[in-house]
Amino acid sequence: MFPSPGGMRSGPSSVQAAAQAGLPHAEVPGDLRARVERVLADEPVHRDPAVRWSRTADESEGRFGLGRFLWPHRYRLAMALLLVAAETVALQLGPVLTQIGVDHGIVAGDRSVLVTAALAYAGLLAVAAAAAAARTAFTGRLGERLLERLRVRTFEHMQRQQMDFYTTERAGVLLTRMTSDIEALSVLFNEGVVNFALQGLTLAVITVLLFNYDPLLALVTLAAAVPATVASSMWFRRRAAADYRNVRDRIGDLLGNLQESLAGIRVIAAHDRRNVSVAEHRRVVNRHRDANLRASRANSLYGPGSEAIGIATQAVLLGVGGAMTASGRITVGELAAYLLFLTAFFAPVQALVQLYNSYQQGGAAIAKLRELFDTRPSVTDRPDAATLAPVRGEIDLDGVSFSYRDGSPVLHDVSLHVSPGETVALVGETGAGKSTIARLIARLYDPTQGAVRIDGRDLRDVTITSLRSQIGVVSQEPFLFAGTVRDNVGFARPGASDAELLAALDAVGMGEVAERLGGLDGAVHERGATLSAGERQLLALARTFVSEPRVLVLDEATSNLDLRSEAQIEQALDVMLRGRTAVIVAHRLATARRADRIAVVDAGRIVEIGSHRELVEAGGRYATMFAMWESHAATDDAIR
Ligand code: ADP
């Protein structure tokens with residue numbers, strides 16, 4: 001998550017490792033320490049990866065498919081195929097030598113021929129074994145490289161997507177794409193492609209040899225084996241494609257369910273719905289099992305079916321070949337070679353059947369990944385996007401209408417001008433469109449109509465990186481990563497010094513809390529689970545403070561904060577807002593009141609705008625809201 005600076009990372013020393021684990025080094029006894037050092041010395045060195053990262057829309061590598069994906073590695077594949085060819089030829093010459101040994105050695109009583117044939121056979125086997133070893137190592141490396149590329153590509157693709165993508169796709173399903181689907185391709189990449197070639201080539205070589213021995217016998221063999229094999233393969237293909245796709249979907253459901261239950265465990269526990277959650281999970285698991293069973297049923301028919309075809313062919317051949325030997329058309333040695341060839345003939349057929357199975361599984365995964373890669377991010381850099389120079393912070397919404405993907409319009413012709421340094425609060429009912437306006441200003445979405453401008457420049461004309469580096473966004477439910485305080489506060493500016501991070505924590509009034517957590521190295525748990533809502537918001541404010549944005553877009557926390565946290569956040573905001581342009585989605589009128597101007601949003605329109613005084617005097621909607629709030633506050637005070 002947080003790569004260390006510096007280009008290269010070597011395996012940690014035991015001192016570092018002990019320090020990381022929180023162990024004083026002295027606790028590792030001397031002789032053990034030496035051994036630990038030896039083990040750690042063998043740890044591989046990891047380079048920090050070079051990241052190719054772009055936001056332009058047309059960066060696509062074309063439609064994802066096996067062929068296109070393998071193409072850049074064609075030379076390596078060709079090399080692997082050469083090794084395969086050597087292995088195949090070396091192995092398949094065995095029966096030929098057997099035939100020579102039998103006919104010219106044993107039958108003719110020539111000992112030297114027999115010994116030569118046997119030695120040659122042994123030599124060939126050695127060559128085949130060496131070629132096989134080299135090929136396995138080679139394809140193993142190639143396979144891992146392909147998988148790595150695919151993993152990185154999938155992750156990059158997901159990072160490029162706009163927020164809508166994550167609303168419509170369930171996290172668990174995305175996890176499936178990144179783990180299980182890619183794993184399903186592992187067999188295909190590591191062994192499959194080359195093995196496919198190996199077995200295909202073996203089949204071709206043997207077919208040629210069979211014809212060479214006796215065309216008639218070869219024709220009988222092919223007539224017995226080929227039509228049945230082709231027919232059963234076609235049936236399997238149709239069945240397996242649908243079945244395996246179904247399996248992939250069910251795995252997605254399964255991981256989706258797991259992920260959601262884990263993320264929502266507090267809600268599940270609080271509402272005492274664990275039993276329902278278990279029942280739901282069981283249902284999902286059952287569907288997954290059924291899908292797998294269905295797929296394996298097809299497989300269980302296809303595999304043994306092909307084997308039966310092979311055995312039947314052998315029986316036919318024994319009869320026909322035996323008759324031919326009896327009539328003197330072929331020799332006994334030739335019949336022996338022929339039967340050996342036949343066994344060798346069906347070995348690759350069997351292997352191909354298995355490979356076909358993994359190809360079908362991989363094919364389903366590829367189809368799923370292709371669906372994923374076909375989603376294009378909608379918020380992208382234009383090819384001619386310019387870098388946004390440091391802004392003064394003037395924001396304009398110019399006749400902006402917006403609807404979420406396939407949704408009904410959420411904003412209607414909204415216009416808003418925010419001067420540099422001004423703070424504007426957006427207030428209104430839930431669902432009015434306040435957060436949507438905030439998201440458009442941060443360009444998490446592009447408007448359907450109209451334009452959002454900063455310092456007079458349309459947001460779509462500048463690069464997203466240069467824009468976001470000047471806009472600080474604090475969301476309603478700030479996300480904290482599992483790690484340290486330093487990781488979280490310095491997130492937006494990895495180069496920031498400790499002094500700057502501490503200053504930011506102090507500025508937002510988190511200094512004390514951070515100290516309690518153990519300073520910058522203090523632990524923050526996943527999503528900040530051990531912090532209060534107020535502390536999470538403050539930590540998020542500190543994170544934004546460190547990145548020193550010119551413009552602040554803040555979605556105020558809706559969660560009820562205690563008075564002390566509220567007061568702290570208000571103080572923090574005072575510091576944050578100084579000298580910055582800010583748009584705040586205010587859920588509490590106390591916050592709105594302090595803004596320079598307040599915009600009342602209702603059903604996707606700004607219906608009132610002005611300072612607190614102006615709006616109260618105007619006696620409109622805001623005045624009513626404020627009067628209500630004041631009377632509530634008075635009652636609350638009375639209760640207290
Ligand atoms: P507010 O911040 O004022 O409570 P929002 O801007 O969040 O309102 O939402 C405005 C409308 O847009 C609501 O009707 C909401 O249901 C809808 N909406 C919000 N986010 C999404 C989304 N990601 N996809 C589709 N509709 C959304």
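Biologist: What makes E8 and strand E11 (residues 551-555) a pair of strands?

Modeller: Four bridges join E8 to E11, and the two run parallel. Pairing requires at least two bridges, so four bridges qualify them as a pair. The model is a predicted one. Within this pair, valine 474 stands opposite leucine 554 in E11.

Biologist: Which helix packs on the sheet there, and which strands count as touched?

Modeller: Helix H18 (residues 563-577) touches strand E5 (423-428), E11 and strand E12 (581-585). Touching here means heavy atoms within 4.5 Å. The direction of H18 makes about 155 degrees with that of E11.

Biologist: Why is the sheet with E8 called open, and which strands stand at its edges?

Modeller: The order of the six strands is E8-E11-E12-E5-E13-E14, with mixed pairing. Strand E8 (471-474) and strand E14 (605-610) each have a single partner strand, so one side of each has no neighbour in the sheet, and the sheet is open. On average, neighbouring strands of this sheet are turned by 15 degrees against each other, direction ignored.

Biologist: What is the strand order of the other open sheet, the one with four strands?

Modeller: The order is E4-E3-E6-E7, and the pairing is antiparallel. Strand E4 (409-418) and strand E7 (457-458) are at the edges; each has a single partner strand, so one side of each lacks a neighbour in the sheet.

Biologist: How do you know that strand E6 (residues 449-454) and E7 pair?

Modeller: Two bridges connect them in the antiparallel sense. The requirement is at least two, so this pair meets it. Isoleucine 454 stands opposite arginine 457 in E7.

Biologist: Where does H12 lie relative to this sheet?

Modeller: H12 lies across strand E3 (395-403), E4 and E6, and runs at about 120 degrees to E3. Helix H12 (residues 434-441) also supplies four residues to the shell around the ligand, which is the largest share.

Biologist: How many residues surround the ligand, and of what kinds are they?

Modeller: There are 13, the closest being Gly431, Gly433, Lys434, Ser435 and Thr436. The shell divides into four nonpolar, six polar and three charged residues.

Biologist: What makes the approach of the ligand to serine 435 a polar contact?

Modeller: An oxygen atom of the ligand is 2.5 Å from an N or O atom in the serine 435 side chain. The cut-off for N or O pairs is within 3.5 Å, so this one counts. Another ligand oxygen distance is 2.7 Å, to a polar backbone atom of glycine 431. For arginine 439, a nitrogen atom of the ligand is 3.5 Å from an N or O atom of the side chain. Taken alone, the ligand exposes 560 Å², and the protein buries 65% of that.

Note on methods:
Residues are numbered from 1 along each chain as its sequence is written. This is a predicted model: local features need pLDDT of at least 70, side-chain atom pairs count only at pLDDT 80 or more; totals for chains, interfaces and linings use all residues. Side-chain values use heavy atoms; hydrogens and water are left out. A residue is near a molecule or strand if one of its heavy atoms lies within 4 Å of it. A polar contact is a pair of N or O atoms within 3.5 Å; within protein, one must be able to donate a hydrogen and the other to accept it, and residues adjacent in sequence count only if both atoms are side-chain atoms. Accessible areas come from the Shrake-Rupley method with a 1.4 Å probe; for residues, only the protein chains shown count as cover. Ala, Val, Leu, Ile, Met, Phe, Trp, Tyr, Cys and Pro count as nonpolar, Asp, Glu, Lys and Arg as charged, and the others, Gly among them, as polar. Axes are lines fitted to C-alpha atoms, for helices over the stretch in contact, and angles run from 0 to 180 degrees between N-to-C directions.
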